[in-house]
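Here are some friendly notes to read alongside the model. Take them one at a time, and keep the 3D view open as you go.

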Amino acid sequence: MESGSPVSKKSRLFHSEDCEMEEVPSNAAGVNPSLHWTQWQILDSILPTGGFAHSYGLEAAMQSRMVNNQEDLKSFVIQVLDNTGSLLLPFVYCASKSPDAAEWVKLDQLLEATLTNEVARKASTSQGSALLRVAASVFTEIQVLQDLRRAFLGSKSVSFHHAPIFGLICGLVGFDSETAERAYMFVTMRDVFSAATRLNLIGPLAASVLQHQVAPDAERMMQKWRDRDVSEASQTAPLLDALQGCHAYMFSRLFCS
Amino acid sequence: MAEAATGAVRVERVRGRSVLTRCFARYPLKLIAPSKVGPSSCNAVWLYALTYGGGIVSVSPEDLPPLSILSVLARCAVAGYSRLGVGEGCCSVTCSWCRARARPCRGTPYRARSASATGARRRSPRRPRPRYAGCLMKLDSALPAYTYTMAVLCGLVMLTRVCRMVYKAVGSKCSEQLLEARVGEDALLAVIPDPVTCFSTARYHQKQVFQVSANSNLVVVDWFTSGRYESGEKWDFSFYKSVNHIFLGDQPLFIDSTLLEQGSNYSIAERMHEYNVIAMIVLLGPKLRHIQDKMQDEVKKLMSGQLRPPTSGGSLYTMRSKPPQRPQRPPLVASCSPFGRTGTGMVARVAAVSTELAYSFLRHHLAALEMFLGASPYAAS
């Protein structure tokens, strides 16, 4: 279902020879099947971007007894997705809309100022730089990624935050912005459930059941927050934000954030 | 929306003292600059911002009742230091209340009280008293240790007592408030308000923009409560948005925007659990370094004692065998994070079960500001 709509849109575009076709880079437009392979690879958990080192504040929420069982987990996941939607989707959207270096630098610097929580900020930069490294090695046909990496590696002016990098890569491989935004929500959700499983909060099967249950909510939130400008980015879970900041205070911990 | 400023303030260094060189306010805002907030050795200007009418409402100022009621809406503190000369190191603040951009209370929550409510009588809108809870504007302080500096401080405290006056609601637009401040080199600005309290169905939007220089010092406390939670009105407002931007030149240094809106999967009350207060404290600048460090250490100590892995409490099996009992959550959650490329700033986020807890947290951690301000923030409240 997730990959269904963009495909049909694409093929429609293709058949009608619509002039808006130009939005889709030529390397991906004609070959829908190859776009699928790319899409799935970007979403696949085997892509070594280090997302599983992060619990998105779940571990801190557990240690402060904010999340104790499956019902709490469901509410937590939905809040994290809501917050991701309102705070980070605008960055994914803007980066995927105009995937070029200048715009990306601007977004990255803005996100650096926007993520005021140090734990979340570090998680974002470590995932973002890992993703860029992986993408530059995997999608070798995209020259921009190599150039970007070469130009800014070691630079003090950019931090390689996750959301803009993700949007940028999605834009470069030819995703439309809606797919990019949905994919970002999916990746976030996947990582939280993975963390919940490893924190022994929920079993793997139950996690999959819950993931499927939450999917319609995630879709609703994606629709609610999609296609917004970065000036509208705001956080909607101040309590979880305060909690996530406590991550570094925990004596024993499994995750980086 | 709020193009025309309702108030404007400027504090400059004149012969070594912080002086309020401009102070303009227009109905419904009133600014008061008491001269005796701290000891005379202290070089800070305090400024209280009040509004007529007791709150932010949905009607425009022309429609407000006559000026019979004065209540304090805001407190703001701005401090500016300048190394040399007059005119540099000044702070200016403008604030505007977007004319009554709306307060929906459909079927005014207070109407009902005349009938039954016993305890409600005490809160009757009839004779509101001036409330000075939130207003304190302090202008500048020069530390004895820094003889060359001068500071202007002005604080703006905002309380939204929207529904108390039972104004008629107009449409469903938002009450808005905007504060813009420029903090000069070596200046200190402290904005130390009391919390915003949004009543049931209220819609509120505030925006604060600070322009700072490399050596500016800034204290911002931005906080809000769940409403009049002691009478059961918890997280019942419809919309709350608070935006705080700090720019260093044209570079964004701190971009914060908090949005709470009813209508998501979970209501605000469900999302907040038993917490009633959310606070943010920003400390920026070289003069506040020691306060930042101390706060970070203390918060770390405080919180690490509260956090521990659940002793298999999270697993399915214990859940099944024991009746689910709500484990105790910490009454106050706080965390500190540095921000800015060079780590000159620090932000603390706090969630607390009660306003008193949050007040005592602020009082304790900001007490060291007394050396700059001449009095410690939140001391008497």
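**Notes on the cavities and the interface**

1. Let's begin with α5(A), which gives six residues to the lining of the largest cavity, the largest share of that lining. Please keep in mind throughout that this is a predicted model.

2. The cavity in question has a volume of about 470 Å³. Its lining counts 32 residues, and those closest to the centre are A:N83, A:L87, A:L115, A:A120 and A:Q244. Try finding these five in your viewer to get your bearings.

3. Which elements each supply at least two residues of this lining? From chain A they are α5 (70-87), α8 (118-138) and α13 (238-244), and from chain B there is β15 (251-261). Sorted by class, the lining has 16 polar, 13 nonpolar and three charged residues.

4. In total, the structure holds eleven cavities of 30 Å³ or more. The second largest contains about 110 Å³ of space. Among its 16 lining residues, B:F224, B:T258, B:I278, B:M280 and B:R349 lie nearest the centre.

5. Both chains appear again around this second largest cavity: α13 of chain A and, from chain B, β13 (217-225), β14 (239-248), β15, β16 (277-284) and β18 (345-352) each give its lining at least two residues. By class, that lining has eight nonpolar, four polar and four charged residues.

6. Now for the contact between the chains, to which chain A and chain B each bring 49 residues. The area buried between them is about 4,200 Å², with 55% of it from carbon and sulfur atoms. On the chain A side, A:R65, A:L239 and A:Y249 supply 19% of the area that chain A buries against chain B, more than any other three residues.

7. How many salt bridges does the rule find across this interface? There is one, and it joins the side chains of B:R349 and A:D241 at 3.2 Å, N to O. You have already met B:R349 as one of the residues nearest the centre of the second largest cavity. Polar contacts between the two chains come to 16 residue pairs, both residues at pLDDT 80 or more.

8. Finally, look at the side of chain A that touches chain B. Two or more residues come from each of α4 (58-63), α5, α7 (101-114), α8, α12 (204-225) and α13. Here too the largest share belongs to α5(A), with seven residues. By class, this side has 20 polar, 16 nonpolar and 13 charged residues.

How values were computed
Residues are numbered from 1 along each chain as its sequence is written. Chains are lettered from A and ligands numbered from 1 in the order in which they are written. This is a predicted model: local features need pLDDT of at least 70, side-chain atom pairs count only at pLDDT 80 or more; totals for chains, interfaces and linings use all residues. Side-chain values use heavy atoms; hydrogens and water are left out. On a 1 Å grid over the protein atoms alone, a cavity is a set of points where a 1.4 Å probe fits but cannot get out, and a pocket is an open set with protein on both sides within 12 Å along at least five of seven lines; lining residues have an atom within 4 Å of a point. Grid points are joined across faces, edges and corners, and a volume is the space filled by probe spheres set on the points. Helices (H or I, at least four residues) and strands (E, at least two) are DSSP runs, numbered from the N terminus. Ala, Val, Leu, Ile, Met, Phe, Trp, Tyr, Cys and Pro count as nonpolar, Asp, Glu, Lys and Arg as charged, and the others, Gly among them, as polar. Contact means heavy atoms within 4.5 Å. Buried area is the accessible area (1.4 Å probe) that two parts lose on being put together, summed over both. A salt bridge is a side-chain nitrogen of Lys or Arg within 4 Å of a carboxyl oxygen of Asp or Glu. A polar contact is a pair of N or O atoms within 3.5 Å; within protein, one must be able to donate a hydrogen and the other to accept it, and residues adjacent in sequence count only if both atoms are side-chain atoms.
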